[in-house]
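Visitor: I'm new to this structure and would love a close look at one part of it. Could you pick a strand, start from a single pairing, and walk me outward from there?

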Amino acid sequence: MKFRAAIITMEKVDLTKPFAIRLREAMIRAGFNSQRSVSGVNIDKLAEITGYSLQICRKYLRGQAMPDPTKIMDIAEKLQVTPGWLLFGESIRDVSTAQPHITINRNLLHYIFAQAHELYNAHRSQEEIADFLHDLAVDISHIHANEEQSKKIIDLALSSARHFRTA
Amino acid sequence: MNARTQNAMPHPDYLDKLFAHKNTVDKVFKDVLGLYDINHVAVSQVNENNEILSFSSTPALEFNLFSSHLWQFDKTYQPSWYQTGESASWQTLYVPHHYDELYYLKQMEHHYPIGRSFAVKFENTHVIYSIASKKDTAQTHDDFINQQACFYRIGEYCSKTLLPLFL
């Protein structure tokens, strides 16, 4: 059955070994190497920064277990790498090259700027805010909606940024 | 018509929810954008009540699709396709009578020459991963056909990370 085959291909076991290699690499880059440990990294330190048990950390590093997505995000944050890299290993390429220009209604662009001032008071980098507003402008430039609907979408999106916990 | 074959309908707040969690959603999708030349990822869930809810890296695409009648002619959202648990090129999922409109709205407007949908079942819900690329190279075409296990894993990562937003 094709459906069952699709489910089987999603089993986490396929990812555990490569994940273990990248986890070890990220730990070494973070300075958690250990000459005393067989794995070459300090498992105690991984347990300490994540709050997970030594037993499960050892399994992660041996490629015998995979963390849940939320734990992967947590580990990635602690080791200062992206969850995508920990999981899939490829570098994130620049995807912003295709369309260098954005065409957007002047009133809506003004509305975005006017409503975005609160973001600059939050504890987030200017780069992060600029990326968010750029993406929002791109979204608004593509949607087929009248000005009123577009403003509602801008409000919703900006609200999500105000309430989001910064990484 | 029983629940199994009943056509799905957009969630009452479908359009609002596309943007209401934009900040969180963007951060998740940014982890995978760029892998295998992927420029667009969307995760749609059809819940037990046959309601469709989507989160997307290009929410304008889903907004335009679902704010018009055209989504009904995209087999991606028809149980006869998503219950199969298979994957298919976007272009094979357009009902022929509306092919041109759907091709323009989903692909030409956003410069996605390649798009593919992947259907899976999680417990009582059906989940659809929609993935597209701006690249039109032989390598990208090959990847979209031959690296499907990786695409399922990418979709699984996104859907599991976004799971709280679907509840």
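Guide: Let's start with B:A88, whose bridge partner in β5(B) is B:S117. Keep in mind as we go that this is a predicted model. B:A88 brings us to strand β4 of chain B, residues 87-89, which runs antiparallel to β5(B) and pairs with it over 3 bridges.

Now stay with β5(B) for a while. This strand covers residues 114-122 of chain B, and 7 of its 9 residues are buried, so the rest of the structure largely encloses it. On to strand β6 of chain B, residues 125-133: β5(B) pairs with β6(B) in the antiparallel sense too, over 9 bridges. Look for B:F118 here, which stands opposite B:Y129 in β6(B). The two strands β5(B) and β6(B) make a hairpin with 2 residues between them. In that turn sits B:E123, with a positive phi of about 50°.

What else do B:F118 and B:Y129 belong to? They are part of one aromatic cluster, together with B:Y36, B:F144, B:F151 and B:Y152. Over all chains, the search finds 14 aromatic pairs. Take B:F66 and B:W71: their ring centres are 5.4 Å apart and their planes meet at 15°, so this pair counts as stacked. B:F66 is buried, at 8% relative accessible area, and B:W71 is buried as well, at 8%.

Back to the strands, this time with the whole sheet in view. The sheet is open, has 6 strands with mixed pairing, and follows the order β1-β3-β2-β6-β5-β4 in chain B. At its edges stand β1 (9-10) and β4 of chain B; each has a single partner strand, so one side of each is left without a neighbour in the sheet. Further along the order come strand β2 (residues 40-46) and strand β3 (residues 51-56) of chain B, an antiparallel pair joined over 5 bridges. In that pair, B:V43 stands opposite B:F55 in β3(B).

Next, let's step away from the sheet and follow the charges. Side chains of opposite charge can pair when their charged atoms come close. The structure holds 12 salt bridges over all chains. One of chain B's own joins B:K106 and B:D74, at 2.7 Å from N to O. B:K106 lies in helix α5 (residues 99-108) of chain B and B:D74 in the loop between α3 (59-66) and α4 (79-82), so the pair ties together parts that are 32 residues apart in sequence. Are these two buried or exposed? B:K106 is buried, with a relative accessible area of 2%, and B:D74 is buried too, at 0%.

Other salt bridges take us over to chain A. B:K30 forms one with A:D135, where the closest N and O atoms are 3.1 Å apart. This pair crosses between chains, from helix α2 of chain B (residues 22-30), where B:K30 sits, to helix α8 of chain A (residues 126-142), where A:D135 sits. B:K30 counts as partly exposed, at 40% relative accessibility. A:K152 and B:D16 also meet in a salt bridge, at 3.1 Å from N to O. Here A:K152 lies in helix α9 (residues 147-163) of chain A and B:D16 in helix α1 (residues 14-20) of chain B, so this pair joins two chains. Both ends are partly exposed: A:K152 has a relative accessible area of 44%, and B:D16 has 27%.

B:K22 deserves a stop of its own. It is linked with A:D139 and B:D26 in a network of salt bridges. The charged end of B:K22 also sits over the ring of A:F132, 5.9 Å from its centre. Chain A has a contact of this kind within itself: A:K71 lies over the face of A:Y52, at 4.9 Å from the ring centre.

One last topic is the cysteines. How many disulfides does a search of the whole structure find? The count is 0 over all chains. For B:C150, the closest cysteine sulfur belongs to B:C158 and is 13 Å away, too far for a bond. B:C150 is buried, at 13% relative accessibility. Over in chain A, A:C57 also counts as buried, at 0%.

Notes:
Residues numbered from 1 in each chain as written. Chains lettered and ligands numbered in written order. Predicted model: local features only at pLDDT ≥ 70, side-chain atom pairs only at ≥ 80, totals over all residues. Heavy atoms only, no water. Disulfide = S-S within 2.5 Å. Buried < 20%, exposed > 50% of the residue type's maximum accessible area, 1.4 Å probe, protein only. Phe/Tyr/Trp six-rings, centres within 6.5 Å; stacked < 30°, edge-to-face > 60°. Lys NZ or Arg CZ within 6 Å of the ring centre and 35° of its normal. Helix = DSSP H or I, 4+ residues; strand = E, 2+ residues; numbered from the N terminus. Pairing = 2+ DSSP bridges. Salt bridge = Lys/Arg side-chain N within 4 Å of Asp/Glu carboxyl O.
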